[in-house]
Amino acid sequence: MLHKTSCEQIPSAFNEIRGRIVCGVGSTLRIYEMGQKKLLRKYDNKNFKSAIVQIRCHDSRIYAGDMQESVHVLKFKPEQGQLYIFADDVLNRWLTNFCMLDEDTLAGVDKFENFFINRLPVGCEEDAEDDPTATKFQ
């Protein structure tokens, strides 16, 4: 064993992004870095209403599936210290599993045996960058 790091809730999903670990701790998405004695908490996003059950990563995007509200797409910018949601599903789905078909498309299944495919519209990432309401800083 290399490290033992305590959390306030049970971590339910893990993945790797840019040499860091992305972890779903209850309804919080958290990014840790390796420290000398334990994992160091670097970035948090607490804008989820239910527990995170699936995490997929692609470049600087994180796709997080929570238990009751389907999939959320987050942008990770370590240079600016930002981890924010820029897109999510319009329907609430009790997500069971999902997989990436390409960078902008994912396929998923919910607990009611519904199969769905979500695709991000072209340019939605740039629209979130120019957001005048500054939702990425919540």
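**Starting from Ile62**

Let's start with Ile62, which touches Ile17, Val22, Leu29, Ile31, Ile55, Arg56, Cys57, His72, Val73, Leu74, Phe76 and Leu83, leaving aside residues up to four places away in sequence. Keep in mind that this is a predicted model.

Now zoom out from that one side chain. Ile62 belongs to the largest nonpolar core, a set of 14 residues, where Leu29, Ile62 and Leu83 are the ones with the most contacts inside it. Several strands feed this core with two or more residues each: β1 (11–17), β3 (28–34), β5 (52–58), β6 (61–66) and β7 (70–77). There's also a second, separate core of twelve residues, and its members include Tyr63, Leu106, Phe116 and Leu120.

Back to Phe76, one of the residues that Ile62 touches. The structure holds one aromatic pair, and Phe76 is half of it, with Tyr43 as its partner. The two rings sit edge-to-face, 5.1 Å centre to centre, with 75° between the planes. Tyr43 lies in strand β4 (residues 39–45) and Phe76 in strand β7, so the pair ties together parts that are 33 residues apart in sequence. Both partners are tucked away: Phe76 has 1% relative accessibility, so it counts as buried, and Tyr43, at 14%, counts as buried too, because the cut-off for buried is under 20%.

Finally, take a look at the outside. Leu101, Val109, Phe115 and Ile117 make a nonpolar surface patch of about 400 Å². Val109, which comes from strand β10 (residues 105–110), has 33% relative accessibility, so it counts as partly exposed.

Definitions and conventions:
Residues are numbered from 1 along each chain as its sequence is written. This is a predicted model: local features need pLDDT of at least 70, side-chain atom pairs count only at pLDDT 80 or more; totals for chains, interfaces and linings use all residues. Side-chain values use heavy atoms; hydrogens and water are left out. Patches are made of residues with over 30% relative accessible area and no salt bridge: like charges are joined within 9 Å, nonpolar side chains (Val, Leu, Ile, Met, Phe, Trp, Tyr) within 5 Å. Accessible areas come from the Shrake-Rupley method with a 1.4 Å probe; for residues, only the protein chains shown count as cover. A salt bridge is a side-chain nitrogen of Lys or Arg within 4 Å of a carboxyl oxygen of Asp or Glu. Helices (H or I, at least four residues) and strands (E, at least two) are DSSP runs, numbered from the N terminus. Buried means under 20% relative accessible area, exposed over 50%, partly exposed in between (1.4 Å probe, protein chains only). A nonpolar core is a set of buried Ala, Val, Leu, Ile, Met, Phe, Trp, Tyr and Cys residues joined through side-chain atoms within 4.5 Å. Contact means heavy atoms within 4.5 Å. Rings of Phe, Tyr and Trp (its six-membered ring) pair if their centres lie within 6.5 Å; planes under 30 degrees apart count as stacked, over 60 as edge-to-face and the rest as tilted.
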